[in-house]
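Thank you all for making the time this morning. I would like to walk through one chain with you, starting from a single contact and working outwards, so please keep the picture in view while I talk.

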Amino acid sequence: LEDMPESIIRAAYEKNRGLFVHPRFYKVSHILAHAHVRDSYEAERAKAHELILEIYEDARKAQSHEEFLSIGKRFQDERGTKIRVEKIDTPVWERANFDPLFIEGALKLKNIGDISPPVQSRFGSHIIYLVDTKAASNRSLDEVREEVRTKEHPFWVKRALFESLESLRHASHVEGYVG
């Protein structure tokens, strides 16, 4: 481990910087009453919001994440494809690539299991469930140097071995292997 060059450690830290330096992340699921953008968009938004209010009455009583999702799926089955139920794999944070109104609604949730009141976005109306959070982190390379070194070491050894073998192969003019 001690032989690993500092440049490799720094490069690995920079490549994986998001693991060490990030705002608080929110993992959420949501139920969306979709409003399609078309001529009747405002009417569809109103209808979607009405529907999400109805779903919210049941969803806010959910005792678990699974129950929240099943309530959304039940309404989805009753109402066709207008309702979408999603576990969102991408973490939500202040500058994430989500609708700003959706982000605002998600960031208001504080405790795992919290359910937002209806949130309107450009896609329609949502109810958001807080599945998990990850605390903000601002760890410098000095703070995580040994962690990075330990995780990167096997890859560095493999690359070094490959480079050594390639060097030997070129030096000996071996073009292939017959076994």
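Let me begin with the side chain of Ser125, which makes a polar contact with the side chain of His49 at 3.1 Å. Before I go further, please keep in mind that this is a predicted model, and that what I quote is computed from it.

Where does Ser125 sit? It is found in strand 5, and with a relative accessibility of 1% it counts as buried, because the cut-off for that word is under 20%. If we set aside the neighbours within four places in sequence, Ser125 is in contact with Ile31, Leu32, Ala33, Ala48, His49, Ile52, Val119 and Gln120, so that His49, the partner in the polar contact, appears again in this list.

That leads us to the strand itself, and to the question of which strands pair with strand 5. Strand 2, residues 25-34, pairs with strand 5, residues 124-134, in the antiparallel sense, and this pairing runs over 10 bridges. As one example of how the two are in register, Val28 has Leu130 as its bridge partner in strand 5. Strand 4, which covers residues 119-121, also pairs with strand 5 in the antiparallel sense, here over three bridges, and within that pairing Val119 stands opposite His126. The link from strand 4 to strand 5 is a hairpin of two residues. As background for anyone looking along these strands, side chains in a regular strand alternate between the two faces of the sheet.

What packs against these strands? The buried residues of helix 5 do so, against strand 2, strand 4 and strand 5. In that helix, residues 100-107, the buried positions are Phe102, Ile103, Gly105, Ala106 and Leu107. At the start of helix 5, a side-chain oxygen of Asp99 comes to within 2.8 Å of the backbone nitrogen of Leu101.

Now to a second histidine, His65, which lies in helix 4, residues 65-79. Is His65 buried or exposed? At 13% relative accessibility it counts as buried, because that value falls under the 20% cut-off. Its side chain is joined to the side chain of Ser29 by a polar contact of 2.7 Å, and, not counting residues up to four places away in sequence, His65 touches Ser29, Lys87, Tyr129 and Val131.

Let me turn to the aromatic rings, for which the structure holds four pairs. One of them is formed by Tyr13 and Phe20, and this pair is stacked, with 5.4 Å from centre to centre and 10 degrees between the planes. Tyr13, at 3% relative accessibility, counts as buried, and so does Phe20, at 6%. Another of the pairs joins Phe98 and Phe102, and this one is tilted, with 5.7 Å centre to centre and 35 degrees between the planes. Here Phe102 is buried, with a relative accessible area of 4%, whereas Phe98 is partly exposed, at 23%.

I would also like to show you a residue from the other side of the accessibility scale. Ala171 is found in helix 6, residues 141-172, and with a relative accessible area of 59% it is exposed, because the cut-off for that word is over 50%. How far is its C-alpha atom from that of Asp132, which is 39 residues away along the chain? The separation between the two is 55 Å.

Finally, let me step back to the chain as a whole. Its secondary structure comes to six helices and six strands, and along the sequence these follow the pattern α-α-β-β-α-α-β-α-β-β-β-α. The radius of gyration is 25 Å, while a compact globule of 179 residues would have a value near 16 Å. Taken along the principal axes, the C-alpha atoms fill a box of roughly 75 × 40 × 30 Å. Of the 179 residues, 36% are buried, and the accessible surface comes to about 11,500 Å², with 53% of it belonging to carbon and sulfur atoms. Lastly, among contacts between residues at least 6 apart in sequence, 66% join residues at least 24 apart.

Technical notes
Residues are numbered from 1 along each chain as its sequence is written. This is a predicted model: local features need pLDDT of at least 70, side-chain atom pairs count only at pLDDT 80 or more; totals for chains, interfaces and linings use all residues. Side-chain values use heavy atoms; hydrogens and water are left out. Two strands pair if DSSP finds at least two bridges between them. Helices (H or I, at least four residues) and strands (E, at least two) are DSSP runs, numbered from the N terminus. Buried means under 20% relative accessible area, exposed over 50%, partly exposed in between (1.4 Å probe, protein chains only). Contact means heavy atoms within 4.5 Å. A polar contact is a pair of N or O atoms within 3.5 Å; within protein, one must be able to donate a hydrogen and the other to accept it, and residues adjacent in sequence count only if both atoms are side-chain atoms. Rings of Phe, Tyr and Trp (its six-membered ring) pair if their centres lie within 6.5 Å; planes under 30 degrees apart count as stacked, over 60 as edge-to-face and the rest as tilted. The radius of gyration is taken over C-alpha atoms; the globule rule is 2.2 Å times the number of residues to the power 0.38. Accessible areas come from the Shrake-Rupley method with a 1.4 Å probe; for residues, only the protein chains shown count as cover.
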